[in-house]
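Thank you for making time for this. I would like to walk through one model with you, so please have the sequence and the coordinates open while I talk.

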Amino acid sequence: MDTKKLAEKLIPDELPSPESYEELYPARQLPAGAEVTRLAPSPTGFIHLGNLFSALADERVAHTTGGIFYLRIEDTDEKRKVDGAVESVIRSLDYFGIKFDEGAEIDSPLNKYGPYYQRRRAGLYRAFAKKLIAEGLAYPCFCTSGELDAVREKQTENKEITGYYGTYAKCRNLSEEEIYKKLEEGMPYVIRLKSQGNAANKFTFRDAIKGDITVTENEQDIVILKSDGIPTYHFAHAIDDHFMHTTLVIRGEEWLSSLPVHIELHKVLGFKPPRYAHTSSLMKMDGDTKRKLSKRKDPELSLDYYRKAGYFPLAVVKYLMTVLNSNFEEWLLKNPDGDYRDFKFRIDKMGKSGALFDLDKLNDVSKTEISKLSADECYGFLSGWVSEFGTEADKAHFANREYLVKILNLVMGTGGKKRRKDIERAEQGVRLLDYFFDDTFKPVYGYRFDRETVNIVLKEFAAAYSPDDDNSVWFAKVKALAPKVGFAGEMSEYKAHPENYKGNVSDVAEILRIAVTGSANSPDLCTIMGILGRERSLARLEKGMI
RNA sequence: GGCCCUGUGGUCAAGCGGUUAAGACGGAGCCCUCUCAAGGCUCAAUCCCGGGUUCGAUUCCCGGCAGGGUCACCA
């Protein structure tokens, strides 16, 4: 068969020669050991935690080795395309502090390997498909999806390996006449690889994360060009990673099973394959079994989820880092204020098994990060959240920056040693501020003592209170009140003889606290009353009487 | 079902032939304390199973078992 003629017939386009592309995309000039990595999402909607996880690994590897991290858009499936997805990817990653050096919609002088949208590289793929056809390594297939389904059903029934291979590859041995006849009839067709492999042959492949893995040669005549002339992922990725000079392909382990296809593709194209690193996926508990986090079922996979909930973005990144390299946690303990970028990320330190997504741990990382914020930073973080997700009242409150910073200093303990460290999300922090504003102060008088006791405490304290009192004077007044209601003024005394008292100083403070803040728990009450001011403090003490 | 990957406390995990089997999160308790938070201290909890190899296996080999992934003109 004249395969050159066939190639010309099938792909008549005037295309640059395959060799010319080597000159168009010359090797990158990078220091030794520099890794070139990429994030190659399909623009099918919104980016999720799995993407962030992978992007972080890519970005770290590239930037700890002096390499390049670029963005390529795999838009070969038109049906699944979603508008605005590319911008969304960039914006989402940027929110978490991850930036690309090069690629789609990235403004950079490094963009010399584009276009970075696969649809815009159609000529490149077609040139190589044409070459393979001419070499007899690829052929047209006219099988309909109905025929393919029927074959697959039969194979399943007979417990044979499914797919297009061996004697099942009907179009593989079509005669020249048959091909041209079908072409004349205008039958739609795809281009398939004429696989040279044999599934009986096994070989060992070294994965950068999993180590040595044993796989069999590919023998499937996979589709390389779909009927619309656009390449499949497999074909496009081999060509792109070659010409974009990717050195390390980091991708989910769900790709492991198609590795033989990719190896063969590189081989027939005459390319040296990049190194591969297959990451284990983030899992989640479903009933009593683990499963991969699913975009459709699990809201926590959406990055918006973390933004809405008010997680500190850097915390999400640091949490992910602990999953990526478990020794990162140790490093973090030693360098609590260090930049995570200073940590020596290692791809070979990545876990081989799928990690359960651990919300408790994320919460822990988030609350430590939030606790480290200065009052100004904390204000910035919370007000950012409020402007997007807060109530009208929240927005009004946050307009008063000066007052807010003062409250935050107290509530969060910013700047001091005793920092509040239980705020995991912006929303919790914002709610903690409610009682400082009269419109959101919710009196909940759940006193544990009788009416008479409560009213005496409140009334007497109001009479004694002075906004000028410092902490010790303030507390002395609380203590002085105790005997008047049969409580112990000294803690030690109470502990020695609890049977002699109805309560102790802390109970007196509790009554005051409930009246002033509506809660039995709050930061230092003396300071709170100072911030509220004399008028509002006294008003609350009075209102608190029952 | 075939093929591939994985298997250390509840979770993330260190470990690479001899260890009291790190550490972190979470849990329990104690101390401190005007409550909460923070902090300090203590405790409970792990090598999937069965065979080998070896003086000695969590570590090496084989076989089970379990979990996960994948079998498209989707990526």
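Let me start with domain 3 and domain 4, whose centres, taken over C-alpha atoms, are separated by 26 Å. This is a predicted model, and the domain assignment of chain A places domain 3 at residues 373-436 and domain 4 at 451-543. The contact between these two domains involves six residues of domain 3 and seven residues of domain 4. If we sort the domain 3 side of that contact by class, we find five nonpolar residues, one charged residue and no polar ones. The assignment also gives domain 2, covering 286-370, and domain 1, which is made of two segments, 3-15 and 122-279.

Before going further, a word on confidence. The mean pLDDT of chain A is 92, with 99% of its residues at 70 or more, and the model as a whole scores ipTM 0.92 and pTM 0.90. Where in chain A is confidence lowest, and where is it highest? The lowest value belongs to strand β12, residues 289-292, with a mean of 79, whereas the highest belongs to strand β2, residues 68-71, at 98.

Now the overall form. Chain A contains 23 helices and 14 strands. Its radius of gyration is 33 Å, while the globule rule gives 24 Å for 546 residues, so chain A is more spread out than a compact globule. The spans of the C-alpha trace along its principal axes, about 110 × 55 × 40 Å, give the extents. Of the 546 residues, 34% count as buried. As for contacts in chain A between residues at least 6 apart in sequence, 74% of them join residues that are at least 24 apart.

Let me turn to the RNA. There are 69 residues around RNA strand B, and those that come nearest are Glu74, Gly351, Ser353, Lys421 and Asn521. Which element gives the most to this surface? That is strand β7, residues 211-216, which supplies five residues to the surface near RNA strand B. By class, the residues of that surface divide into 26 charged, 23 polar and 20 nonpolar.

I would next like to look at some backbone details, beginning with proline 115. The peptide bond that leads into proline 115 from glycine 114 is cis, with omega near 0 degrees, and proline 115 itself sits in the loop between β3 (102-103) and α5 (122-134).

Two residues other than glycine have a positive phi that I want to point out, namely lysine 159, with phi near 55 degrees, and histidine 245, with phi of about 55 degrees. Lysine 159 lies in the loop between α6 (145-157) and α7 (176-184), and histidine 245 lies in the loop between α8 (233-243) and β9 (248-252). Are these residues buried, exposed or partly exposed? Lysine 159 has 6 other C-beta atoms within 10 Å, and because the cut-off for an exposed residue is 12 or fewer, lysine 159 is exposed. Histidine 245, with 16 other C-beta atoms within 10 Å, is partly exposed.

Finally, let me take three positions and ask what lies around each of them. Glycine 33 is in the loop between α2 (18-24) and β1 (36-39), and with 10 other C-beta atoms within 10 Å it is exposed. Its C-alpha atom is separated by 8.1 Å from that of glycine 67, although the two glycines are 34 residues apart along the chain.

Leucine 10 belongs to helix α1, residues 3-10. Because a residue counts as buried at 20 or more such neighbours, leucine 10, which has 23 C-beta neighbours inside 10 Å, is buried. Leaving aside residues up to four places away in sequence, leucine 10 touches Ile133 and Pro140. Leucine 10 and tyrosine 189 are 179 residues apart along the chain, and their C-alpha atoms are separated by 9.7 Å.

Proline 336 is the last of the three, and its place is in the loop between α12 (327-334) and α13 (359-371). Proline 336 counts as exposed, with 8 C-beta neighbours inside 10 Å. From proline 336 to histidine 497 the distance is 45 Å, C-alpha to C-alpha, for a separation of 161 residues in sequence.

How values were computed. Residues numbered from 1 in each chain as written. Chains lettered and ligands numbered in written order. Predicted model: local features only at pLDDT ≥ 70, side-chain atom pairs only at ≥ 80, totals over all residues. pLDDT = per-residue confidence, 0-100. Helix = DSSP H or I, 4+ residues; strand = E, 2+ residues; numbered from the N terminus. Near = placed C-beta within 6 Å. Nonpolar A, V, L, I, M, F, W, Y, C, P; charged D, E, K, R; others polar. Domains from an automatic or database assignment. Rg over C-alpha atoms; globule rule 2.2 N^0.38 Å.
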